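Let's take a walk through this model together, from one strand out to the bound ligands. Have the viewer open and follow along.

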Amino acid sequence: MTRILAIETSCDETSAAIVDDGTLIKSNIVASQIASHKRFGGVVPEVASRHHINSINPVIDLALEEGDSSWDDIDAIAVTAGPGLVGALLIGITAAKTLAFAHQKPLIAVNHMAGHIYANNAIKPLEFPLMALIVSGGHTQLVHMTDHLQFEVIGDTRDDAVGEAYDKIGRVLGLPYPGGKKMDELAAVGQDVFDFPRAMIKEDNFDFSFSGLKSSVINRIHNAKQKQEELDPADVAASFQAAAVSVLVTKTVKALEEYPSKQLILAGGVAANKGLRSALKQAVTQLTKPVELLIPPFELCGDNAAMIGLAAYYYYQKGLVTSLDLNAYPGWDIDLPLG
Ligand code: KG4
Ligand code: ZN
């Protein structure tokens, strides 16, 4: 049995977890900073780092306690090394390096986006080849995998990530940060009446673009304000969501048709979106070949350390341990080696 202590501080959640054999989550402590960033309408990097400093030790202690573990039980320490905010990443990395040195444990540097994909390994083992749709606050990617930790990015966003578009529109609608979840709730009670653009939907590639859609929604809201016209925010949310989900699903289906895939993995914070979850469930039933859809439970969609511990097991198996001079890699692409 391999037991890993994992640490995640790439953005606005301070998290530590204990994970066995890349499948069993013994504990997963997440201290969210959302309340502190809300008044600024977004994550303030400096504020995030300060929160991580205050929370990191108690969060790790709690993860060990809830995971029934002493240091003797821990085989390795894993930490998110990127992508993310450099100051935030450095707090988790410094904690991990210090503990690895003090307790003489191997150190594993995990890619945050790989972690989002491996969150699904807690529900069912990943089976290759597979296709992953990553949708988060910073990324929108289609990633094909032929084996553990073998990633090929076949599609990427040309501009904004889908979660970013959700949050910016939410802010213009006056919703509290992060707007994604609230927009999803509003969308469920609204109607797609605005017919916003579905960018790049017909193009012969797997890339995305959400900035035109975002501008078009925001312009519609501003125009209505100028004319003192009443817009139902639920209809705005439903119309935006219909456009975003339709592009995501259409491109994913196209990718599944072109690339051999036993599974479709949904990953990242926007994987919590009810509209996207149900549209993908529907879409896989229409495919010409059977593809198993894996969707993480809500608590594993957003940032958490358990997903880092789940992925770390496979790094460890491949001997991918790192030295104690590990640095943060704020722009680490999933398909590139560390550094
Ligand atoms: O993966 P994540 O926790 O952080 C990053 O790695 O970026 O993703 C956060 C993003 C935010 O943009 C948030 O608004 C969005 O996920 N999000 C949602 C929902 N829940 C979280 N977006 C749409 N619908 C949701 N239900
Ligand atoms: Zn994330």
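Buried here means under 20% relative accessible area, counting protein chains only. Keep that cut-off in mind, and keep in mind too that you're looking at a predicted model.

Start at strand β6, residues 130–135. By that cut-off, six of its six residues are buried. How do the buried residues split between the two sides of β6? Leu130, Ala132 and Ile134 sit on one side, while Met131, Leu133 and Val135 sit on the other, and both faces are covered. That every-other-residue pattern is what you'd expect, because side chains in a regular strand alternate between the two faces of the sheet.

Now look sideways, at what β6 pairs with. Strand β7 (residues 140–147) runs antiparallel to β6, and six bridges join the two. If you want a landmark in that pairing, Leu133 stands opposite Leu142 of β7. The chain gets from β6 to β7 through a hairpin of four residues. Strand β9, residues 263–267, is another partner: here the pairing with β6 is parallel, over five bridges. A handy marker for this one is Leu130, which stands opposite Gln263 in β9.

On to the metal. Which protein atoms hold the zinc ion, ligand 2? The donors are NE2 of His112, NE2 of His116 and an OD atom of Asp303, at 2.0 to 2.1 Å from the zinc. Along the chain, their spacing reads H-x3-H-x186-D. Both histidines belong to helix α4 (residues 112–118), and because they're four residues apart there, about one helical turn separates His112 from His116. His112 and His116 are both buried as well.

His112 also leads us to the other ligand. A side-chain N or O atom of His112 is 3.2 Å from an oxygen of ligand 1, so you can use this residue to step from the zinc site across to ligand 1. Elsewhere around ligand 1, a polar backbone atom of Gly138 lies 3.4 Å from one of the ligand's oxygen atoms. Asp184 offers a polar side-chain atom 3.0 Å from a nitrogen of ligand 1. How much of ligand 1 does the protein cover? Of the 550 Å² of accessible area that ligand 1 has on its own, 85% is covered by the protein. In total, 19 residues surround ligand 1, and the closest are Gly137, Asp167, Asp184, Gly269 and Asn273.

Conventions
Residues are numbered from 1 along each chain as its sequence is written. Chains are lettered from A and ligands numbered from 1 in the order in which they are written. This is a predicted model: local features need pLDDT of at least 70, side-chain atom pairs count only at pLDDT 80 or more; totals for chains, interfaces and linings use all residues. Side-chain values use heavy atoms; hydrogens and water are left out. Donors are N, O and S atoms within 2.8 Å of the metal (3.2 Å for Na, K and Ca); water is not among the atoms, so sites may look incomplete. Buried means under 20% relative accessible area, exposed over 50%, partly exposed in between (1.4 Å probe, protein chains only). Two strands pair if DSSP finds at least two bridges between them. A residue is near a molecule or strand if one of its heavy atoms lies within 4 Å of it. A polar contact is a pair of N or O atoms within 3.5 Å; within protein, one must be able to donate a hydrogen and the other to accept it, and residues adjacent in sequence count only if both atoms are side-chain atoms. Accessible areas come from the Shrake-Rupley method with a 1.4 Å probe; for residues, only the protein chains shown count as cover.
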